[in-house]
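Hi,

Here is the structure I promised to pass on. Please open it first, then read my notes on the ligand and the space around it.

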Amino acid sequence: MKNNEQNNFHKPVLLQEVINYLQIQSDKWYVDCTLGSGGHSEAILKLGGKVLAIDQDQEAIDFAKERLAKNCPKGTFKIVRANFASLKKIIEENQLEVQGVLFDLGVSTYQLTGNGRGFSFQVEESLDMRMDPENQTVTAADLVNGLYENELEKLITEYGQDRLAKSIARAIVLERKIQAIRTTTELREIIENIYRRKYSSKSFRNPATKTFQALRIAVNDELNNFKKALKVSLKILSPKGRIAVISFHELEDRIVKHQFLAWQENELGQIIAKKPIVPELKEIINNPNSRSSKLRIFEKN
Ligand SMILES: C[S@@+](CC[C@H](N)C(=O)[O-])C[C@H]1O[C@@H](n2cnc3c(N)ncnc32)[C@H](O)[C@@H]1O
(Lines give C-alpha, C1' and ligand atoms only; values in the text may rest on other atoms or scores of the structure.)
Protein backbone atom coordinates (compact mmCIF):
# COMPACT_ATOMS: atom_id res chain seq x y z
CA MET A 1 0.00 0.00 0.00
CA LYS A 2 1.38 3.38 -0.94
CA ASN A 3 1.92 6.02 1.72
CA ASN A 4 -0.55 8.50 0.26
CA GLU A 5 -3.25 5.87 -0.23
CA GLN A 6 -3.51 4.85 3.37
CA ASN A 7 -5.19 6.55 6.30
CA ASN A 8 -2.52 5.79 8.79
CA PHE A 9 -0.22 8.64 7.98
CA HIS A 10 1.71 10.26 10.78
CA LYS A 11 0.02 12.67 13.20
CA PRO A 12 2.57 15.31 14.19
CA VAL A 13 3.47 15.15 17.87
CA LEU A 14 3.55 18.22 20.16
CA LEU A 15 2.71 20.33 17.12
CA GLN A 16 1.43 23.45 18.85
CA GLU A 17 4.28 23.35 21.36
CA VAL A 18 6.90 23.07 18.60
CA ILE A 19 5.35 25.97 16.72
CA ASN A 20 5.13 28.16 19.83
CA TYR A 21 8.67 27.49 20.99
CA LEU A 22 10.23 27.89 17.55
CA GLN A 23 8.59 31.33 17.36
CA ILE A 24 7.98 31.10 13.62
CA GLN A 25 8.70 34.33 11.75
CA SER A 26 7.58 35.12 8.22
CA ASP A 27 10.13 34.51 5.48
CA LYS A 28 12.75 33.06 7.84
CA TRP A 29 14.17 29.61 7.10
CA TYR A 30 13.49 26.60 9.33
CA VAL A 31 15.20 23.25 8.84
CA ASP A 32 12.97 20.24 9.49
CA CYS A 33 15.52 17.44 9.77
CA THR A 34 12.82 14.76 9.94
CA LEU A 35 10.16 15.56 7.35
CA GLY A 36 8.18 12.30 7.72
CA SER A 37 4.62 12.94 6.55
CA GLY A 38 5.26 16.69 6.66
CA GLY A 39 2.97 17.69 9.54
CA HIS A 40 5.42 19.99 11.31
CA SER A 41 6.75 21.43 8.05
CA GLU A 42 3.24 22.22 6.86
CA ALA A 43 2.41 24.07 10.09
CA ILE A 44 5.60 26.17 9.82
CA LEU A 45 4.84 27.01 6.19
CA LYS A 46 1.26 27.97 7.00
CA LEU A 47 2.59 30.51 9.50
CA GLY A 48 4.67 32.13 6.77
CA GLY A 49 8.01 30.48 7.54
CA LYS A 50 10.16 28.85 4.87
CA VAL A 51 11.24 25.24 5.23
CA LEU A 52 14.16 23.15 4.13
CA ALA A 53 13.07 19.61 4.95
CA ILE A 54 15.22 16.50 5.07
CA ASP A 55 14.32 12.82 5.17
CA GLN A 56 16.26 9.75 4.18
CA ASP A 57 13.16 7.75 3.33
CA GLN A 58 12.07 8.17 -0.29
CA GLU A 59 8.50 7.05 0.42
CA ALA A 60 8.15 9.69 3.15
CA ILE A 61 9.47 12.32 0.76
CA ASP A 62 7.08 11.31 -2.03
CA PHE A 63 4.11 11.66 0.29
CA ALA A 64 5.19 14.89 1.99
CA LYS A 65 6.18 16.56 -1.27
CA GLU A 66 2.70 16.04 -2.66
CA ARG A 67 1.10 17.23 0.59
CA LEU A 68 3.17 20.41 0.85
CA ALA A 69 2.77 21.20 -2.85
CA LYS A 70 -1.00 20.96 -2.43
CA ASN A 71 -1.34 22.92 0.81
CA CYS A 72 1.50 25.45 0.95
CA PRO A 73 2.67 28.38 -1.18
CA LYS A 74 4.98 27.49 -4.05
CA GLY A 75 8.65 28.38 -3.64
CA THR A 76 8.55 28.41 0.16
CA PHE A 77 10.03 24.97 0.77
CA LYS A 78 12.83 22.73 -0.40
CA ILE A 79 13.02 19.00 0.20
CA VAL A 80 16.29 17.10 0.34
CA ARG A 81 16.60 13.36 0.46
CA ALA A 82 19.54 12.69 2.74
CA ASN A 83 20.63 11.48 6.11
CA PHE A 84 20.58 14.43 8.51
CA ALA A 85 24.13 13.43 9.45
CA SER A 86 25.11 15.48 6.38
CA LEU A 87 23.29 18.59 7.65
CA LYS A 88 26.37 20.80 7.38
CA LYS A 89 26.86 20.02 3.69
CA ILE A 90 23.14 20.45 2.95
CA ILE A 91 23.05 23.92 4.51
CA GLU A 92 26.28 24.97 2.80
CA GLU A 93 24.94 23.87 -0.57
CA ASN A 94 21.69 25.77 -0.03
CA GLN A 95 23.34 28.83 1.55
CA LEU A 96 20.61 29.54 4.05
CA GLU A 97 20.39 31.67 7.16
CA VAL A 98 18.60 29.37 9.54
CA GLN A 99 16.22 30.64 12.21
CA GLY A 100 15.17 27.28 13.63
CA VAL A 101 15.98 23.58 13.48
CA LEU A 102 13.60 20.74 14.30
CA PHE A 103 14.32 17.08 14.97
CA ASP A 104 11.32 14.78 15.49
CA LEU A 105 13.26 11.58 16.01
CA GLY A 106 12.49 7.96 15.27
CA VAL A 107 10.12 6.46 12.78
CA SER A 108 6.78 7.70 11.50
CA THR A 109 3.45 5.94 11.92
CA TYR A 110 3.61 5.12 8.24
CA GLN A 111 6.94 3.36 8.65
CA LEU A 112 5.58 1.47 11.65
CA THR A 113 2.29 0.37 10.19
CA GLY A 114 3.25 -1.74 7.31
CA ASN A 115 5.53 -0.37 4.64
CA GLY A 116 7.15 -3.75 4.35
CA ARG A 117 10.32 -2.92 6.25
CA GLY A 118 9.71 -4.72 9.50
CA PHE A 119 9.92 -1.82 11.98
CA SER A 120 7.02 -3.17 14.02
CA PHE A 121 6.58 -6.52 15.73
CA GLN A 122 2.84 -6.08 15.31
CA VAL A 123 2.97 -6.55 11.56
CA GLU A 124 4.33 -9.70 9.91
CA GLU A 125 7.12 -8.50 7.63
CA SER A 126 10.69 -9.36 6.82
CA LEU A 127 13.21 -8.14 9.40
CA ASP A 128 14.72 -5.26 7.47
CA MET A 129 14.45 -1.93 9.40
CA ARG A 130 16.54 0.15 6.99
CA MET A 131 15.15 3.68 6.68
CA ASP A 132 17.03 4.12 3.42
CA PRO A 133 17.18 0.70 1.73
CA GLU A 134 18.89 2.11 -1.36
CA ASN A 135 21.92 3.33 0.54
CA GLN A 136 22.08 0.96 3.50
CA THR A 137 23.16 -2.64 3.16
CA VAL A 138 22.87 -4.19 6.63
CA THR A 139 19.38 -5.29 7.70
CA ALA A 140 18.03 -6.28 11.11
CA ALA A 141 17.95 -9.90 9.90
CA ASP A 142 21.69 -9.66 9.13
CA LEU A 143 22.35 -8.59 12.73
CA VAL A 144 20.02 -11.14 14.29
CA ASN A 145 21.50 -13.99 12.26
CA GLY A 146 25.09 -12.78 12.07
CA LEU A 147 26.22 -11.23 15.36
CA TYR A 148 27.92 -13.31 18.04
CA GLU A 149 25.82 -13.99 21.11
CA ASN A 150 27.78 -11.52 23.26
CA GLU A 151 27.41 -8.83 20.57
CA LEU A 152 23.65 -9.39 20.45
CA GLU A 153 23.44 -9.18 24.23
CA LYS A 154 25.41 -5.91 24.22
CA LEU A 155 23.23 -4.44 21.48
CA ILE A 156 19.97 -5.35 23.25
CA THR A 157 21.33 -4.08 26.58
CA GLU A 158 22.73 -0.80 25.30
CA TYR A 159 20.13 0.20 22.74
CA GLY A 160 17.11 -1.62 24.15
CA GLN A 161 17.86 -1.43 27.89
CA ASP A 162 16.19 -4.82 28.28
CA ARG A 163 17.06 -6.65 31.48
CA LEU A 164 16.53 -9.98 29.75
CA ALA A 165 19.06 -9.18 27.01
CA LYS A 166 21.27 -12.14 27.93
CA SER A 167 18.43 -14.66 27.72
CA ILE A 168 17.08 -13.11 24.52
CA ALA A 169 20.50 -13.24 22.86
CA ARG A 170 20.89 -16.88 23.94
CA ALA A 171 17.45 -17.82 22.60
CA ILE A 172 18.12 -16.08 19.27
CA VAL A 173 21.36 -17.98 18.83
CA LEU A 174 19.72 -21.33 19.67
CA GLU A 175 16.83 -20.67 17.31
CA ARG A 176 18.97 -19.59 14.37
CA LYS A 177 20.99 -22.81 14.61
CA ILE A 178 17.81 -24.58 13.57
CA GLN A 179 16.63 -22.00 11.06
CA ALA A 180 17.54 -18.42 10.16
CA ILE A 181 15.24 -15.80 11.75
CA ARG A 182 13.73 -13.87 8.89
CA THR A 183 10.48 -12.23 10.01
CA THR A 184 9.22 -9.86 12.69
CA THR A 185 6.84 -12.53 13.96
CA GLU A 186 9.59 -15.14 14.35
CA LEU A 187 11.68 -12.73 16.42
CA ARG A 188 8.70 -11.51 18.45
CA GLU A 189 7.74 -15.07 19.39
CA ILE A 190 11.27 -15.88 20.57
CA ILE A 191 11.21 -12.83 22.86
CA GLU A 192 7.68 -13.50 24.13
CA ASN A 193 8.70 -17.06 25.05
CA ILE A 194 11.61 -15.75 27.10
CA TYR A 195 9.34 -13.37 29.00
CA ARG A 196 6.74 -16.09 29.55
CA ARG A 197 9.37 -18.44 30.95
CA LYS A 198 10.92 -15.83 33.24
CA TYR A 199 7.73 -14.24 34.50
CA SER A 200 5.08 -16.92 34.20
CA SER A 201 2.67 -15.17 36.56
CA LYS A 202 2.89 -11.71 35.01
CA SER A 203 1.67 -10.55 31.68
CA PHE A 204 3.83 -8.12 29.74
CA ARG A 205 2.59 -5.70 27.14
CA ASN A 206 4.69 -6.03 24.02
CA PRO A 207 7.91 -7.46 25.47
CA ALA A 208 9.52 -7.27 22.02
CA THR A 209 9.45 -3.44 22.00
CA LYS A 210 12.93 -3.01 23.44
CA THR A 211 14.72 -5.50 21.21
CA PHE A 212 13.04 -4.05 18.13
CA GLN A 213 14.09 -0.56 19.22
CA ALA A 214 17.66 -1.79 19.72
CA LEU A 215 17.85 -3.34 16.27
CA ARG A 216 16.38 -0.25 14.60
CA ILE A 217 18.89 2.01 16.34
CA ALA A 218 21.77 -0.24 15.29
CA VAL A 219 20.67 -0.75 11.68
CA ASN A 220 20.28 3.01 11.14
CA ASP A 221 23.12 4.12 13.43
CA GLU A 222 20.52 6.46 14.87
CA LEU A 223 22.31 7.79 17.92
CA ASN A 224 25.58 8.62 16.17
CA ASN A 225 23.84 10.31 13.26
CA PHE A 226 21.74 12.35 15.65
CA LYS A 227 24.71 13.40 17.83
CA LYS A 228 26.52 14.57 14.73
CA ALA A 229 23.55 16.52 13.34
CA LEU A 230 22.69 18.08 16.70
CA LYS A 231 26.23 19.46 17.04
CA VAL A 232 26.00 20.99 13.57
CA SER A 233 22.56 22.46 14.20
CA LEU A 234 23.92 25.07 16.62
CA LYS A 235 26.62 26.11 14.13
CA ILE A 236 24.18 26.69 11.27
CA LEU A 237 21.76 28.71 13.39
CA SER A 238 21.45 32.50 13.28
CA PRO A 239 21.74 34.42 16.59
CA LYS A 240 18.58 33.97 18.69
CA GLY A 241 17.63 31.00 16.53
CA ARG A 242 16.17 27.95 18.27
CA ILE A 243 16.60 24.19 18.14
CA ALA A 244 13.65 21.94 18.99
CA VAL A 245 14.12 18.23 19.56
CA ILE A 246 11.35 15.69 20.10
CA SER A 247 12.74 12.43 21.44
CA PHE A 248 10.95 9.18 22.17
CA HIS A 249 13.23 7.28 24.51
CA GLU A 250 15.79 7.82 27.20
CA LEU A 251 18.85 7.27 24.97
CA GLU A 252 17.83 10.08 22.62
CA ASP A 253 16.72 12.41 25.39
CA ARG A 254 19.99 11.95 27.26
CA ILE A 255 21.95 13.12 24.21
CA VAL A 256 19.79 16.24 23.92
CA LYS A 257 19.93 17.03 27.62
CA HIS A 258 23.72 16.72 27.83
CA GLN A 259 24.39 18.63 24.62
CA PHE A 260 22.11 21.51 25.65
CA LEU A 261 23.70 21.66 29.11
CA ALA A 262 27.21 21.68 27.60
CA TRP A 263 26.28 24.53 25.25
CA GLN A 264 24.74 26.48 28.09
CA GLU A 265 27.80 25.99 30.30
CA ASN A 266 29.96 27.26 27.44
CA GLU A 267 27.70 30.32 27.21
CA LEU A 268 26.60 29.56 23.68
CA GLY A 269 22.93 30.03 24.51
CA GLN A 270 20.15 29.05 26.92
CA ILE A 271 17.97 26.08 27.59
CA ILE A 272 14.37 27.23 27.18
CA ALA A 273 12.02 25.48 29.62
CA LYS A 274 14.02 23.72 32.30
CA LYS A 275 11.95 20.54 32.14
CA PRO A 276 11.16 18.69 28.93
CA ILE A 277 7.77 19.54 27.47
CA VAL A 278 5.46 16.53 27.28
CA PRO A 279 2.10 16.07 25.57
CA GLU A 280 -1.11 16.90 27.37
CA LEU A 281 -3.45 14.05 28.23
CA LYS A 282 -5.77 15.16 25.43
CA GLU A 283 -3.02 14.61 22.86
CA ILE A 284 -2.05 11.22 24.30
CA ILE A 285 -5.67 10.06 24.07
CA ASN A 286 -5.99 11.35 20.54
CA ASN A 287 -2.58 10.05 19.46
CA PRO A 288 -1.19 7.29 21.73
CA ASN A 289 2.09 7.36 19.75
CA SER A 290 2.80 10.70 21.39
CA ARG A 291 2.84 9.30 24.92
CA SER A 292 6.60 8.90 25.33
CA SER A 293 7.55 12.10 23.49
CA LYS A 294 9.63 14.84 25.11
CA LEU A 295 10.41 18.21 23.62
CA ARG A 296 13.52 20.20 24.55
CA ILE A 297 14.38 23.65 23.25
CA PHE A 298 17.65 25.58 23.05
CA GLU A 299 18.16 29.19 22.00
CA LYS A 300 21.48 30.34 20.56
CA ASN A 301 22.99 33.57 21.88
C1 LIG B 1 8.81 10.75 13.61
S2 LIG B 1 8.99 10.92 11.88
C3 LIG B 1 8.76 12.64 11.61
C4 LIG B 1 7.33 13.03 11.47
C5 LIG B 1 7.10 14.45 11.01
N6 LIG B 1 7.56 15.42 11.97
C7 LIG B 1 5.63 14.68 10.69
O8 LIG B 1 5.03 15.61 11.25
O9 LIG B 1 5.07 13.93 9.89
C10 LIG B 1 10.71 10.76 11.68
C11 LIG B 1 11.17 10.82 10.24
O12 LIG B 1 12.57 11.08 10.28
C13 LIG B 1 13.22 10.31 9.31
N14 LIG B 1 14.58 10.09 9.80
C15 LIG B 1 14.97 9.43 10.92
N16 LIG B 1 16.30 9.45 11.03
C17 LIG B 1 16.77 10.16 9.98
C18 LIG B 1 18.07 10.54 9.55
N19 LIG B 1 19.17 10.17 10.22
N20 LIG B 1 18.18 11.29 8.44
C21 LIG B 1 17.08 11.66 7.74
N22 LIG B 1 15.83 11.32 8.08
C23 LIG B 1 15.67 10.58 9.19
C24 LIG B 1 12.41 9.04 9.20
O25 LIG B 1 12.58 8.46 7.92
C26 LIG B 1 10.99 9.55 9.44
O27 LIG B 1 10.34 9.82 8.23
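A residue counts as near the ligand here if one of its heavy atoms lies within 4 Å of it. Keep in mind that this is a predicted model.

Start with the ligand. It has 23 residues around it. Those that come nearest are S37, H40, D55, F84 and D104. By class, this shell holds twelve polar, eight nonpolar and three charged residues.

Now the polar contacts. D104 places a polar side-chain atom 2.7 Å from a nitrogen atom of the ligand. In N83, a side-chain N or O atom is 3.0 Å from a ligand nitrogen. G38 uses its backbone instead: an N or O atom there lies 3.2 Å from a ligand oxygen. The ligand alone would expose 600 Å², and the protein buries 98% of that.

Where does the ligand sit? The space it takes is the largest cavity. The count gives one cavity of 30 Å³ or more. The volume of the largest cavity is about 440 Å³.

Next, the walls. The lining of this cavity has 34 residues. Nearest its centre lie T34, F84, D104, L105 and G106. F84 and D104 are also among the residues that come nearest the ligand. The lining divides into 14 nonpolar, 14 polar and six charged residues.

Which elements each supply at least two lining residues? They are α2 (39–46), β2 (50–55), β4 (98–104) and α11 (222–236). The largest share comes from α11, with four residues.

Best wishes

Note on methods: Residues are numbered from 1 along each chain as its sequence is written. This is a predicted model: local features need pLDDT of at least 70, side-chain atom pairs count only at pLDDT 80 or more; totals for chains, interfaces and linings use all residues. Side-chain values use heavy atoms; hydrogens and water are left out. A polar contact is a pair of N or O atoms within 3.5 Å; within protein, one must be able to donate a hydrogen and the other to accept it, and residues adjacent in sequence count only if both atoms are side-chain atoms. Accessible areas come from the Shrake-Rupley method with a 1.4 Å probe; for residues, only the protein chains shown count as cover. On a 1 Å grid over the protein atoms alone, a cavity is a set of points where a 1.4 Å probe fits but cannot get out, and a pocket is an open set with protein on both sides within 12 Å along at least five of seven lines; lining residues have an atom within 4 Å of a point. A molecule sits in a cavity or pocket if more than half of its atoms lie within 2 Å of its grid points. Ala, Val, Leu, Ile, Met, Phe, Trp, Tyr, Cys and Pro count as nonpolar, Asp, Glu, Lys and Arg as charged, and the others, Gly among them, as polar. Grid points are joined across faces, edges and corners, and a volume is the space filled by probe spheres set on the points.
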